[in-house]
Amino acid sequence: MNSFLAYTINGLVLGSTYALTAIGYSMVYGILELVNFTHSTVYMVGAYLFYILVAEFSFPLILAFITSTVLTGVIGIIYEKITLQPLRARNQPKFAMLICTIGTSIVLQNIFFLTQGSETKQFPTMFEGKSIEIFGFNVTIVQIMIVIVTAVLLLVLMLFINKTKIGMAMRSCSQDTMATELMGISVDKIVSFTFFIGSALAAVSGILGCMSYRSIDISVGAAIGTKTFTATVLGGIGSLYGGVIGGFIIGLLDVYTAAYIGSNYRNIPAFIVLLLVLFLRPNGLFGKKIQNKV
């Protein structure tokens, strides 16, 4: 029983990082109806920026955390304005923007590959070696921090979207961008803000995830990409609540599979879930059916 509780806590910790990253997918899709394949690479970018600030510029950990999160959000705005905004202005089809996100992902990966190399590096962490005992087993302070930070950020984000004018504008854009423009709201500014928030959350997820594993390499974004995309599809792409719940489900499946079947098989459940959802419930657990408007 204690082992099951330990696996469950580890699954919730892993699911927290999936949930934060999945929200970025859902936010962008909710407004642009676009799957942003650059997003998993942004996870890596945020973590590497934190590593660079601490290891090479000797930033204090808290300051590096805040700075790298904001910088990653700014990078999200920049690549959206350079790559996607011109395509939207020319009314290019969605698949053109989809291919563009893949290209942007490759560019970002290669920038960090050229500057940081491919070797695995030891990642700086907070609360080094500190843990507390829960139900007879040790839980690290970093794991507890991951769950708490995730819960607080998700709560703040939900309140922001539902209670503020910018949040209302974001919800309006997700319903009808043309009507939103007619109401005097700049869709481009709302999209840029959405990319900032989504990228910043991916950075937080990347930093906390690498702290948990104490390592970082150029492949961490690709490794989490399939899991977070599956979590988004499972919850209902475009649904923030769905992305969160999907993230926790995939995180628990990962850990349970590694514990009871074998670590070599931990990636299989995500692919099985993705196939089942696409075949049996394409809209996900909380997604809504899209009605064509005439």
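The paragraphs below go through a predicted model, taking up one helix, a pocket, charged pairs, aromatic rings and two loop residues.

We begin with helix H5, which covers residues 141–163. How far apart should the ends of helix H5 be? At 1.5 Å a residue, its 23 residues should span 33 Å, and the end C-alpha atoms are 32 Å apart, so the expected and computed values agree. The expected span takes 1.5 Å times one less than the number of residues, because that is how the rule is set. Several residues of H5 are buried, among them Val 142, Met 145, Ile 146, Leu 154 and Ile 161. Gln 143 and Thr 150 are also buried in this helix, as are Leu 157 and Met 158. When reading such a list, it helps to recall the geometry of a helix. An α-helix has 3.6 residues a turn, so residues three or four places apart point the same way.

The next feature is a pocket. The second largest pocket has a volume of about 570 Å³. It is lined by 24 residues, and those closest to its centre are Leu 14, Tyr 18, Gly 209, Tyr 213 and Arg 266. Four helices each give two or more residues to this lining: H1 (2–32), H8 (187–213), H9 (220–235) and H10 (240–260). Which helix gives the most to the lining? That is H1, with six residues. Sorted by class, the lining of this pocket holds twelve nonpolar residues, eight polar ones and four charged ones.

Charged residues bring us to salt bridges. Side chains of opposite charge can pair when their charged atoms come close. The count for this model is four salt bridges. In one of them, the side chains of Arg 88 and Glu 80 meet, with 2.5 Å between N and O. Are these two partners buried or exposed? Arg 88 has a relative accessible area of 17% and is buried, because the cut-off for buried is under 20%. Glu 80 is at 0% and also counts as buried.

Another salt bridge joins Lys 121 and Glu 119, whose closest N and O atoms are 3.4 Å apart. Here Lys 121 is buried, with a relative accessible area of 13%, whereas Glu 119, at 44%, is partly exposed.

A further bridge is formed by the side chains of Asp 254 and Lys 227, at 2.8 Å from N to O. This pair links distant parts of the chain, since Asp 254 is in helix H10 and Lys 227 is in helix H9, 27 residues apart. Asp 254 is buried at 1% relative accessibility, and Lys 227 is buried at 5%. Salt bridges can also share partners: Glu 80, Arg 88 and Asp 188 are joined in this way into one network.

Aromatic rings make another kind of pair. There are ten aromatic pairs in the whole structure. Phe 4 and Tyr 256 form one that is stacked, with 5.4 Å from centre to centre and 10° between the planes. Phe 4 lies in helix H1 and Tyr 256 in helix H10, so this pair ties together parts that are 252 residues apart in sequence. Phe 4 is partly exposed, with a relative accessible area of 37%. Phe 4 and Tyr 256 also belong to one aromatic cluster with Tyr 7 and Tyr 260.

Tyr 48 and Tyr 51 form an aromatic pair that is edge-to-face, with centres 6.4 Å apart and planes at 90°. How are Tyr 48 and Tyr 51 placed in helix H2 (residues 39–55)? They are three residues apart, and therefore separated by about one helical turn. Both of these tyrosines are buried.

Two loop residues complete the walk. Ser 58 is found in the loop between H2 and helix H3 (61–89). Its phi is near 55°, a positive value in a residue other than glycine. Ser 58 counts as exposed, at 60% relative accessibility. Arg 214 is placed in the loop between H8 and strand S4 (215–216). Arg 214 is not a glycine either, yet has a positive phi of about 65°. At 25% relative accessibility, Arg 214 counts as partly exposed.

Note on methods: Residues numbered from 1 in each chain as written. Predicted model: local features only at pLDDT ≥ 70, side-chain atom pairs only at ≥ 80, totals over all residues. Heavy atoms only, no water. 1 Å grid on protein atoms, 1.4 Å probe; cavity = no way out; pocket = protein on both sides within 12 Å on 5 of 7 lines; lining within 4 Å. Points joined across faces, edges and corners; volume = space filled by probe spheres on them. Nonpolar A, V, L, I, M, F, W, Y, C, P; charged D, E, K, R; others polar. Buried < 20%, exposed > 50% of the residue type's maximum accessible area, 1.4 Å probe, protein only. Phe/Tyr/Trp six-rings, centres within 6.5 Å; stacked < 30°, edge-to-face > 60°.
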